[in-house]
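Q: I am new to this structure and should be grateful for a close look at a single part of it. Please begin with one element, and then set it in its surroundings.

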Amino acid sequence: MNMELKNLESFIQVAELGSFTKAAKRLGYTQSTVSFQIRQLEEELGVPLFERIHHTVRLTAKGRSVQRLAHEMLQAAEDMKRTAGESRSLKGTIRIAMAASLCTQLFRHDFTSFRQQHPDISLTVTTGKTEEMFRLLNQNEVDLVYTLDNHIYDRNYVTVSEEEVSVHFVASAENPLAARSRVSPEELISCPAILTEKNVSYRKLLDEYLASHSLKLLPYLEIGDTSLICSMVEAGMGISFLPDFVTEASVREGRMIRFSVPEISVCIWKQLLYHREKWVSPEMEAVMEYLQKLEKDKKKTTYIHN
């Protein structure tokens, strides 16, 4: 058996995308080329890998088994190249669905060094609700999901990294609340507020918690740009509810304070995940390593300042 790695690559793409046309577009081949490669692979293995019914393409039971082995074989091939010292320039687009609040962390800290190291890797970032992120992941429209939400555990996904994240109410250092040791929920909901979008991430969790106690915080502005929210809070234009990593510099430099509302407790998690059936390409691995390095560097910086 003389199995071609490029045939395995095409097989994986068709399996993930559920389409010969989409796989061909992703790989830069013609559809007829991809069809020939899959047919050749099926002939070599002696089993059908896909069911082709009315314009739909689905893996057969044997195809699902071969998919797992194909991932392992391609990974082994990449490992052998690295061991033998053969390095190739990483090239391609990695698609990430993520919470808007994480975008600043992704691009402001050390992204220049990533670009210098991997100039041919492009990132496409989509922000939105957690449910929409996982819909995109399940349909292979994104490669990675980076969430700020309830802790997610599902056997269909591989968790690359996770961390519990503290989130607090914040106000300007000049705000009268700065002198208070605690604020009651009733006082809180009477304050002018600037919040991130409704039904998204930690804002959704806050609203759900308040609603369970028959309370509601009505912001006069809802916007996803956390940098802008911080600037407005620092200028005394209202309070907000933000993860600590977003407000860390402002609090450390005395432009903003965190205040306690003991009755309100929201727990959120930052998690980086991908689908268990996804082939982890070297490009995808490089992006995951970069995101994990950001987390380690952030923790070191926080420790130094503390």
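A: In this predicted model, the residues of helix 1 that are buried are N7, L8, S10, F11, I12, Q13, V14, A15, E16 and L17. Ten of the 13 residues of helix 1 are thus buried, and the helix is mostly covered. Helix 1 runs over residues 5-17 and reaches 18 Å from its first C-alpha to its last, close to the 18 Å expected at 1.5 Å a residue. The residue that follows helix 1 is G18, and its phi is positive, near 65°.

The surroundings of these residues may be described through the nonpolar cores. The largest nonpolar core holds 69 residues, and the members that touch the most others are L144, F169 and F259. Helix 12, residues 282-305, gives the most to this core, namely seven residues. Another core, of 20 residues, lies apart from the largest one, and L8, I12, V14 and A23 are among its members. Of these, L8, I12 and V14 are also among the buried residues of helix 1.

F169 offers a way into the largest core, where it is one of the members that touch the most others. Leaving aside neighbours within four places in sequence, F169 is in contact with L188, L206, L217, S240, F241, I257, R258, F259, V261 and I264. Two of these contacts are also its bridge partners: in strand 10 the partner of F169 is F241, and in strand 11 the partner is F259.

These pairings belong to an open sheet of three strands, arranged in the order 10-7-11 with antiparallel pairing. Strand 10 (240-243) and strand 11 (256-259) stand at the edges with a single partner strand each, so one side of each has no neighbour in the sheet. On average, and with direction ignored, neighbouring strands of this sheet are turned by 50° against each other. Strand 7, residues 167-172, pairs with strand 11 in the antiparallel sense over four bridges. Strand 7 and strand 10 also run antiparallel, and four bridges join them. Along the pairing with strand 11, A171 stands opposite I257. Because five of its six residues are buried, strand 7 is largely enclosed by the rest of the structure. Helix 10, residues 226-234, lies across strand 7, strand 10 and strand 11, and runs at about 130° to strand 10.

Helix 9 connects with the contacts of F169, since L206 is one of those contacts and L206 is also among the buried residues of helix 9. Its other buried residues are S201, Y202, R203, K204, L205, D207 and L210. Helix 9 has twelve residues and reaches 17 Å from its first C-alpha to its last, close to the 16 Å expected at 1.5 Å a residue. S214 follows helix 9 and has a positive phi, near 60°.

Some backbone angles also deserve attention. Most residues other than glycine have a negative phi. In S201, by contrast, phi is positive, near 55°. S201 has its place in helix 9, which covers residues 201-212, and S201 is buried, with a relative accessible area of 5%. In N140, phi is likewise positive, near 60°. N140 is found in the loop between helix 7 (130-138) and strand 5 (144-149). With a relative accessible area of 6%, N140 counts as buried, because that value is under 20%.

The setting of these parts is the chain as a whole. The secondary structure of the chain comes to twelve helices and twelve strands. Its C-alpha trace spans about 75 × 45 × 30 Å along the principal axes. Of the 306 residues in the chain, 45% are buried. Among contacts between residues at least 6 apart in sequence, 76% join residues at least 24 apart. The accessible surface of the chain comes to about 16,300 Å², and 51% of this surface belongs to carbon and sulfur atoms.

To return to the beginning, helix 1 is mostly covered, and L8, I12 and V14 belong to the core of 20 residues that lies apart from the largest one.

Methods
Residues numbered from 1 in each chain as written. Predicted model: local features only at pLDDT ≥ 70, side-chain atom pairs only at ≥ 80, totals over all residues. Heavy atoms only, no water. Helix = DSSP H or I, 4+ residues; strand = E, 2+ residues; numbered from the N terminus. Expected span 1.5 Å × (residues − 1). Buried < 20%, exposed > 50% of the residue type's maximum accessible area, 1.4 Å probe, protein only. Core = buried A, V, L, I, M, F, W, Y, C linked by side-chain atoms within 4.5 Å. Contact = heavy atoms within 4.5 Å. Pairing = 2+ DSSP bridges. Axes fitted to C-alpha atoms, helices over the stretch in contact; angles between N-to-C directions. Areas by Shrake-Rupley, 256 points an atom, 1.4 Å probe, with all protein chains shown as cover.
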